[in-house]
Each structure stands twice: as C-alpha cells, then as structure tokens.
Amino acid sequence: MEVEREHSEEPLPTMMAEDEAEAIRVAKEPPKIHRLDQSVLNRIAAGEVIQRPVSAVKELVENSLDAHSTSINVVVKDGGLKLIQVSDDGHGIRYEDLPILSERHSTSKLSKSIKSMGFRGLASMTYVGHVTVTTITAGQLHGYRESCLDGVMEHEPKACAAVKGTQIMFLIF
C-alpha cells in the first residue's frame with residue numbers, strides 16, 4: 001500500500017541553526033521547580049475560601065451571625081461580581097483589633113475549640129478584592145473605618161459616623 005504525501009514548496013533544511021538545536025535540547029530538560037511569590041500563594045488560598053460571590057456572602061453572613069446580630073442586610077450588584085455589602089447590628093469589632101483584621105491566621109473565633117460558623121473568609125477576601133470595614137462597638141461615641149488590600153490595612157482606622165454593628169463592603173477585582 002502506497003501513502004501519498006503532500007509536498008511543500010520549500011526544501012527541508014539539511015542543517016539546523018544553532019539556536020534551534022539549543023531550543024530542542026532545552027525542551028528535553030525538565031522544567032525548573034521554583035517557589036511561588038507570597039502574593040500568588042495568598043491569592044490561591046483566597047480562591048479556596050472565596051470560590052465565587054456566594055462564598056463571600058456566606059462568609060460575611062456567618063460573621064454577622066457569630067456577632068449575635070438580629071438584623072442582617074445584604075446588598076449585591078451584578079450578581080456579586082462588582083459589589084457585595086453586608087451590614088449587621090451585631091457587637092462590632094473592637095478598635096484594638098482592626099489593625100490585624102485582614103491578616104491571615106488571626107481570628108476572634110478560635111481559642112481551644114471551634115464554636116463559630118465562619119472562619120477567615122474576610123482575610124481571604126482582601127486578596128481578591130478591596131474590603132472596607134465600618135464598625136462600632138457598644139459604648140463608643142463614633143465608629144471606625146478601615147480599608148484592606150492584599151491582607152494589609154491600607155491606613156490607620158479612621159473615626160467616622162456609624163450605626164450599631166459592622167458594615168463590610170467588598171469590591172471584587
């Protein structure tokens with residue numbers, strides 16, 4: 001049985017250029033293993049917690065429930081792809097705790113046992129979007145607002161008007 005082959009107009013090269021030979025030699029070597037940057041690791045970890053907008057809503061509502069809220073308001077724009085905002089009338093977040101609010105592995109919910117619904121969703125959100133927290137606790141004359149990005153507080157908490165509890169605004173990248 002004879003197989004018919006298509007012929008190209010250009011003749012096959014008899015000698016390979018040195019850079020082509022080098023490219024083939026390098027391609028045969030296994031790729032080098034390297035460590036990922038911390039920022040990449042943080043975004044991967046955030047993706048494990050915040051897989052889609054409903055995951056963020058779930059985390060924030062669980063935080064509101066853990067704060068003993070009796071009223072929770074959720075605002076979502078474009079299916080949560082542009083904005084997720086959750087407001088509650090819970091106990092709020094202490095001023096002293098705001099600087100570490102968005103850090104990984106910081107929580108008010110664990111000591112020796114887990115008695116909470118949500119855990120570290122808020123910190124994860126700061127790696128995939130911009131988070132602004134406005135909060136006031138009982139006995140304070142005013143609330144505080146802080147913004148977080150990539151697990152870091154962008155500036156010191158600023159005094160502001162606030163209603164009882166916490167409001168979290170999550171703008172997704």
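Cys148 has a relative accessibility of 1% and therefore counts as buried, and Cys160, at 13% relative accessibility, likewise falls in the buried class. A search of the whole structure, which is a predicted model, finds 0 disulfides.

From these two cysteines one can turn to the chain as a whole. It contains 4 helices and 7 strands, and these elements follow one another along the sequence in the pattern α-α-α-β-β-α-β-β-β-β-β. The chain has 173 residues, of which 36% are buried, while the accessible surface of the chain comes to about 12300 Å², with carbon and sulfur atoms supplying 57% of that area. Among the contacts in the chain with a separation of 6 or more, 58% are made by residues 24 or more positions apart.

The interior is best entered through the largest nonpolar core, which has 15 residues and in which Leu60, Ile84 and Val131 touch the most other members. The elements that each give two or more residues to this core are helix H3, strand S2 (83-88), helix H4 (121-125), strand S3 (129-136) and strand S7 (165-172), and of these H3 gives the most, with 3 residues. The surroundings of Leu60 can be listed in detail: once its neighbours within four places in sequence are left aside, Leu60 is in contact with Ile84, Val86, Leu122, Met125 and Ile168.

Helix H3, which spans residues 53-66, also carries charged residues, and here a general point is useful. Side chains of opposite charge can pair when their charged atoms come close. The structure holds 5 salt bridges, and Lys58, Glu59 and Glu62 are linked with one another in a network of such bridges. Within this network, Lys58 pairs with Glu62 at a closest N to O separation of 3.2 Å, and because Lys58 and Glu62 are 4 residues apart in helix H3, about one helical turn separates them. Lys58 also forms a salt bridge with Glu59, for which the closest N and O atoms are 4.0 Å apart.

How do the members of this network stand with respect to the surface, buried or partly exposed? Lys58 has a relative accessible area of 44%, so it is classed as partly exposed, whereas Glu59, at 9% relative accessibility, counts as buried, and Glu62, at 13%, is buried as well. A further salt bridge joins Lys82 to Asp78, with the closest N and O atoms 3.4 Å apart, and in this pair both residues are exposed.

Another acidic residue, Asp88, is found in strand S2, and its relative accessible area of 11% means that Asp88 is buried. Leaving aside its neighbours within four places in sequence, Asp88 is in contact with Ser64, Ser69, Ser71, Ile72, Lys164, Gly165 and Thr166. The C-alpha atom of Asp88 lies 6.4 Å from that of Gln167, although the two residues are 79 residues apart in sequence.

One of the contacts of Asp88, Ile72, leads outward, for Leu65, Ile72, Val74 and Val76 form a nonpolar patch on the surface, with about 270 Å² of accessible area together. Strand S1, covering residues 72-77, supplies the largest share of this patch, with 3 residues, while Leu65 lies in helix H3. At 38% relative accessibility Leu65 counts as partly exposed, a class that requires a value between the limits of 20% for buried and 50% for exposed.

Val76, which is found in strand S1, is also partly exposed, because its relative accessibility is 41%. Apart from neighbours within four places in sequence, Val76 is in contact with Val57 and Leu83. Between Val76 and Met169 the C-alpha to C-alpha distance is 10.0 Å, with their positions 93 residues apart in sequence.

Helix H3 thus recurs in several parts of this account: it gives the most residues to the largest nonpolar core, it holds the Lys58 and Glu62 pair, and it contains Leu65, which belongs to the nonpolar patch on the surface.

Note on methods:
Residues are numbered from 1 along each chain as its sequence is written. This is a predicted model: local features need pLDDT of at least 70, side-chain atom pairs count only at pLDDT 80 or more; totals for chains, interfaces and linings use all residues. Side-chain values use heavy atoms; hydrogens and water are left out. Patches are made of residues with over 30% relative accessible area and no salt bridge: like charges are joined within 9 Å, nonpolar side chains (Val, Leu, Ile, Met, Phe, Trp, Tyr) within 5 Å. Accessible areas come from the Shrake-Rupley method with a 1.4 Å probe; for residues, only the protein chains shown count as cover. A salt bridge is a side-chain nitrogen of Lys or Arg within 4 Å of a carboxyl oxygen of Asp or Glu. Buried means under 20% relative accessible area, exposed over 50%, partly exposed in between (1.4 Å probe, protein chains only). Contact means heavy atoms within 4.5 Å. A nonpolar core is a set of buried Ala, Val, Leu, Ile, Met, Phe, Trp, Tyr and Cys residues joined through side-chain atoms within 4.5 Å. A disulfide is a pair of cysteine sulfur atoms within 2.5 Å.
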